[in-house]
Amino acid sequence: MKLNGFKALGLAALLMTGGNAVADEVWNTNVGRIVYADEIGPTAVFAYGSAEDPGVIYIVGLAKVYQNRGTYDGYWAENNAKVECTTERPGIYGKMTKYWGRYQIKFLDKGFPARWEATWSYCDGAAEKLKIEATPAVGEAVAAPAPAKK
């Protein structure tokens with residue numbers, strides 16, 4: 001999965017801007033701010049982290065689904081993380097990376113905006129103990145996402 005030029009520029013602007021960005025969905029989580037940044041076909045792209053240490057989450061089947069959301073599988077990717085995988089996946093701006101892991105998101109509310117929780121792993125390993133819990137950042141100005149360290 002690769003981002004086209006315009007989508008890559010948009011994601012770059014969202015992650016690197018020091019000013020405020022407008023996004024349809026933004027969540028405050030126990031690991032930092034996460035933004036619904038883009039859609040690539042059926043895949044939703046979430047962004048998190050700082051311009052110096054950005055991360056993305058690709059969630060298959062979530063794009064264009066705004067009501068009655070359920071549970072979706074995907075993966076997260078960064079340029080650097082605590083664990084290096086033996087295989088690569090497309091990461092930020094479509095660049096291949098060995099720093100990724102599985103991600104499963106479960107929406108807790110049927111309406112919009114919705115709370116959600118997620119489990120994640122390093123590579124294809126077992127889920128980590130830390131569950132990510134997200135609450136919509138409704139009516140807040142949105143700055144670049146806060147770091148979410150893995």
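Colleague: In which loop is Ala81 found?

Modeller: Ala81 sits in the loop between β5 and β6. The labels come from DSSP runs numbered from the N terminus: a helix is H or I over at least four residues, and a strand is E over at least two. Before we go on, this is a predicted model, in which local features need pLDDT of at least 70 and side-chain atom pairs count only at pLDDT 80 or more, while totals for chains, interfaces and linings use all residues. Residues are numbered from 1 along each chain as its sequence is written, and side-chain values use heavy atoms, with hydrogens and water left out.

Colleague: What makes Ala81 buried?

Modeller: Buried means under 20% relative accessible area, exposed means over 50%, and partly exposed is in between, using a 1.4 Å probe and protein chains only. Ala81 has a relative accessible area of 17%, so Ala81 is buried. In space, the C-alpha atom of Ala81 is 8.9 Å from that of Tyr122, although 41 residues separate the two in sequence.

Colleague: How confident is the predictor, going by the average pLDDT of the protein chain?

Modeller: The average pLDDT, which is the predictor's confidence in each residue from 0 to 100, is 84 for the protein chain, and 77% of the residues score at least 70. Residues 1–22 are the stretch to treat with care: pLDDT stays under 50 there.

Colleague: How many helices and strands are in the protein chain?

Modeller: The protein chain has 1 helix and 10 strands. In sequence order the pattern opens with α, and the β elements follow.

Colleague: How do you know that β5 and β8 pair?

Modeller: Two strands pair if DSSP finds at least two bridges between them. For β5 (residues 71–78) and β8 (residues 99–107) there are 8 bridges, so they qualify as a pair, and they run antiparallel. In this pairing, Glu78 stands opposite Tyr99. β8 is also joined to β9 (residues 116–120), again antiparallel, by 5 bridges. There, Ile105 of β8 faces Ala118 in β9.

Colleague: Why is the link of Cys85 and Cys123 called a disulfide?

Modeller: The rule asks for a pair of cysteine sulfur atoms within 2.5 Å. Cys85 and Cys123 have an S to S distance of 2.1 Å, so the pair passes. The count by this rule is 1 disulfide. A disulfide is a covalent bond between the sulfur atoms of two cysteines.

Colleague: Which parts does the pair of Cys85 and Cys123 tie together?

Modeller: Cys85 lies in the loop between β5 and β6 (89–90), whereas Cys123 lies in the loop between β9 and β10 (132–136), so the pair ties together parts 38 residues apart in sequence. The link is left-handed, with -100° about the S-S bond. Cys85 has a relative accessible area of 3% and is buried; Cys123, at 15%, is buried too.

Colleague: Which residues have the most contacts inside the largest nonpolar core?

Modeller: A nonpolar core is a set of buried Ala, Val, Leu, Ile, Met, Phe, Trp, Tyr and Cys residues joined through side-chain atoms within 4.5 Å. The largest one here has 25 residues, and those with the most contacts inside it are Phe46, Tyr103, Ile105 and Trp116. β8 gives the most to this core, with 4 residues. A second, separate core of 10 residues includes Val45, Val56, Tyr75 and Cys85. In soluble globular proteins, nonpolar side chains tend to be buried together.

Colleague: What does Phe46 touch, not counting residues up to four places away in sequence?

Modeller: Contact means heavy atoms within 4.5 Å. The residues that Phe46 touches include Trp27, Ile34, Leu62, Ile105 and Trp116.

Colleague: Why does Lys131 count as partly exposed?

Modeller: Lys131 has 35% relative accessibility, which falls between the buried and exposed limits, so partly exposed is the right label. Lys131 lies in the loop between β9 and β10. Beyond its neighbours within four places in sequence, Lys131 is in contact with Asn30, Glu117, Ala118 and Thr119.

Colleague: And what makes Pro113 partly exposed?

Modeller: Pro113 has a relative accessible area of 35%, so the in-between class applies. Pro113 is in the loop between β8 and β9. Its contacts, leaving aside neighbours within four places in sequence, are Pro136 and Val138.
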